Amino acid sequence: MHRSITSAAAAVVLAAALVACGGSDGDSGKADATKSAGSSGATASGGQQTPDATPSGTTPSSAKVGDTLSLEGLPGMGATGKNVRADITLTKYEDNAKPSLDAFAAPDGQRLVATEFTIVSTGDATYDDPGNLGAKVVDSTGKVYPGKPGIPTAGDSLDLTMILQPGDKTTGWVIFNVPQDAKITAVTYQMDSLLQSNGEHTGRWTLLS
């Protein structure tokens, strides 16, 4: 199945989620992170996730805010071309983000955090992916929190369906609900996250204390 079909389906799901929560109108250091540490896991209460073990063959990343990681998508996913690659930069992190609409606010007992990414398609195939599903934040206990649809006051969000031709670039925010007292220590971004449940193709940035 081509990437565009997968992302179109994802956009429908994300649009439904957006309606359910109120709706809206609305290069620093570079490192190879094709298999950087990152994880996904079973959803727990409060929107949290308990990470699975890091997949074998992955390596920790020393990347921080402002650094660029070169990632690869799943092989053979390009409709035109074979290599889906992107340079992902975590450009900013907001530990107490403000929502552009009340519908995007965190529920009681939680706060909103936000990450801004710049993504450049570097392969010979189109990078077609939901803009917020690949992003997660990790707290000091190892719990993982997924991105959600919504827009912060800091700027525009990543498109719900990103379609980047080779050489194209986009910049946008992803927002997250986290417990009020959680200490967020890392940000991850996984390419083609809808199509895999392990931590492959994931970049990880460590947040300084």
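Here is a short chat about the nonpolar cores and aromatic rings of this predicted model.

Colleague: Which element gives the most residues to the largest nonpolar core?

Modeller: That core has 29 residues, and Phe117, Ile119, Tyr127 and Tyr189 have the most contacts inside it. Elements giving two or more residues include β2 (68-72), β3 (85-94) and β4 (110-121). The one that gives the most, with four residues, is β3.

Colleague: How many residues are in the second, separate core?

Modeller: Besides the largest core, there's another one to look for. Among its members are Ala97, Phe104, Ala114 and Trp173. Its residue count is seven.

Colleague: Are Phe117 and Tyr189 buried or exposed?

Modeller: Buried means under 20% relative accessible area. Phe117 comes out at 0%, and Tyr189 is at 0% too. So both count as buried.

Colleague: What kind of aromatic pair do Phe117 and Tyr189 form?

Modeller: Phe117 sits in strand β4 and Tyr189 in strand β10, 72 residues apart, so to speak of distant parts of the chain being linked is fair. Their ring centres are 5.3 Å apart, with 55° between the planes. Planes under 30 degrees apart would be stacked and over 60 edge-to-face, so this pair is tilted.

Colleague: And what kind of pair do Phe117 and Trp205 make?

Modeller: Trp205 is buried as well, at 0%, and lies in strand β11 (residues 202-206). The two ring centres are 5.9 Å apart and the planes meet at 65°. Over 60 degrees counts as edge-to-face, so the pair is edge-to-face.

Colleague: Which residues form one aromatic cluster?

Modeller: Phe117 pairs with Tyr189 and also with Trp205. The cluster is therefore made of Phe117, Tyr189 and Trp205.

Terms used
Residues are numbered from 1 along each chain as its sequence is written. This is a predicted model: local features need pLDDT of at least 70, side-chain atom pairs count only at pLDDT 80 or more; totals for chains, interfaces and linings use all residues. Side-chain values use heavy atoms; hydrogens and water are left out. A nonpolar core is a set of buried Ala, Val, Leu, Ile, Met, Phe, Trp, Tyr and Cys residues joined through side-chain atoms within 4.5 Å. Buried means under 20% relative accessible area, exposed over 50%, partly exposed in between (1.4 Å probe, protein chains only). Rings of Phe, Tyr and Trp (its six-membered ring) pair if their centres lie within 6.5 Å; planes under 30 degrees apart count as stacked, over 60 as edge-to-face and the rest as tilted.
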